Amino acid sequence: MILLSAVVLFGILIFVHELGHFLFAKLTKVKVLKFSLGFGPKLVGKQFGETEYLLSAIPLGGYVKMTGEDAGDEISEEDKERAFSVQPVWKRLVIVLSGPLFNILFAAFIFVVLFLTGVPALRPDVGEVAQGSPAAQAGLMTGDKILAVDGTDVESWDDVEAVLHKSPGKALVLKLKRDGQILDISVVPEKKMEKTIFGESREGWSTGLSPLVAPQVGEILKGSRAGKAGLQRGDRIVEIDGTALKTWQDMTKIIHANPERPLAFRIKRDGRLVDVTIAPEKSTQKTPDGRVEEIGLIGIKPLASDFIKKYAPIEAVRLGVERTWDMSVLTVVSIVKLLQRIIPAETIGGPIMIFQMAGEQASHGPMSFFVFMAVISINLGVVNLLPIPILDGGHILFFGIEVLRGKPLGEKTVMVAQRIGMAILVTLMVFAFYNDIMRFITGKMLP
């Protein structure tokens, strides 16, 4: 399953990338000699017209070979006008840029299709209400169902947050359903410092509300205390040590506060109650203010959604483009943070990690697999735009220098730059393989 999923993932993304180069080469009348999925020795090949289509032995990339693409290529008299090297800069730029662009557009296409077919969503029901928060002061309670925010009807918790984020600091009227009654409650979001995923502080707006996530098991981590105790996907945890649970947060507070202390779990499974004892494993984590604290963990994740929400075509396109843009920006920022050493270099993963994750995501269902494919496609597109010689971004850099100089760089300069680029890529690949192998040996992320 892992191998098949990885082959499908790599095969599709490589095909999409090379298809971009191929189509725009054809559109600009440049002669394409070869279209290959994979590098190295040819496994199978077929000539159609002037182009040979290949499947090669090393499935970690692909290439489109054009007439006159490399220095020293022999060009016949009849092909001279169709050689890549003699084309104006704008044509060469379009051909090179189209590969990464196709990867990014392909990710957008995946997201649009997912939004059309339906994505997991949480109902607009109030879960935890932070003590002393604007929501608590306004009288909101766990279990309240939000029907509308400032006159805008909401179907999911994402709809609630979308309206809240558009109205920082402005009083918002929430239409609620509570115990069969319809209530209107006004809440004023407060300015609050929050942490980004990179641990940096930024200003945000908060009402103190969080969605209602039931204490129901969605995923069990391999080798975890929960797995060893026999917990199963779909189990509803109703009590811990006699304390009734309404939300996922109710449960995690108890588990976090009791590392290595045996706790009595009462679970509802297939209409019957099951009792198990689990001692949460001691773990350390950093708090938002930078402190290190010990907490208990049993190794479970919640169910991802309450229902599947489908979007209308126009809204699906808008959300698909937004999601692709956000992921592209996040990829660029992550690269910058890696260079700044804010993100540890040990988090870099290579083909082995992608193989494993492809299989894991496929086991969670088609939707998880395609989301993963979209994320990897965006990463492939963005990374290929880095200004490193031999990558597409390196070629684009050379084109920019050519425009400024009024003539292309010398053949010797380009060859030296490409050797440097190759050395950089080989070093990164070796480091990524090392990380992958160490993860496989140790079973965990390097410290």
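How much area does the protein chain expose, and what share of it do carbon and sulfur atoms supply? The chain exposes about 25,200 Å², of which carbon and sulfur atoms supply 61%, the areas coming from the Shrake-Rupley method with a 1.4 Å probe, where for residues only the protein chains shown count as cover.

Before selecting anything, note that this is a predicted model, in which local features need pLDDT of at least 70 and side-chain atom pairs count only at pLDDT 80 or more, while totals for chains, interfaces and linings use all residues. Residues are numbered from 1 along each chain as its sequence is written, and side-chain values use heavy atoms, with hydrogens and water left out.

**Whole chain**

Colour the chain by pLDDT, the predictor's confidence in each residue from 0 to 100; the mean is 84, and 86% of the residues reach 70 or more. Among the elements, helix 2 (residues 89-117) has the highest mean pLDDT, 95, and helix 8 (residues 351-363) the lowest, 60. Select residues 443-447 next, where pLDDT stays under 50 and the model has 10 contacts beyond four places in sequence, a contact meaning heavy atoms within 4.5 Å. Where pLDDT is low, the predicted coordinates should not be read in detail.

A cartoon view shows 11 helices and 20 strands, which are DSSP runs numbered from the N terminus (helices H or I, at least four residues; strands E, at least two). Of the 447 residues, 38% are buried, where buried means under 20% relative accessible area, exposed over 50% and partly exposed in between, with a 1.4 Å probe and protein chains only.

**A four-stranded sheet**

Now select strands 13 to 16, which form an open sheet in the order 14-13-15-16 with antiparallel pairing; two strands pair if DSSP finds at least two bridges between them. Strand 14 (243-244) and strand 16 (272-278) are the edge strands, each pairing on one side only. Strand 13 (residues 236-240) and strand 15 (residues 263-269) run antiparallel and are joined by four bridges, and Glu239 stands opposite Arg266 in strand 15. Add helix 6 (residues 248-256), which lies across strand 13, strand 14 and strand 15 and runs at about 50° to strand 13; axes are lines fitted to C-alpha atoms, for helices over the stretch in contact, and angles run from 0 to 180 degrees between N-to-C directions.

**Aromatic rings**

Rings of Phe, Tyr and Trp (its six-membered ring) pair if their centres lie within 6.5 Å, with planes under 30 degrees apart counted as stacked, over 60 as edge-to-face and the rest as tilted. By this rule there are nine aromatic pairs. Show Phe115 and Tyr311, an edge-to-face pair at 5.4 Å centre to centre with 90° between the planes. Phe115 belongs to helix 2 and Tyr311 to the loop between strand 20 (307-309) and helix 7 (313-339), so that the pair links parts of the chain 196 residues apart. Phe115 is buried at 5% relative accessible area, and Tyr311 is buried at 14%. Then select Phe15, Phe22, Phe35, Phe48 and Tyr53, which ring pairs link into a cluster.

**Two positive phi angles**

Finish with Asp179, in the loop between strand 7 (172-178) and strand 8 (181-187), where phi is positive at about 50° although the residue is not a glycine; Asp179 is exposed at 79% relative accessibility. Ile390, in the loop between helix 9 (366-384) and helix 10 (392-405), is likewise not a glycine and has a positive phi near 85°, while its relative accessible area of 28% makes Ile390 partly exposed.
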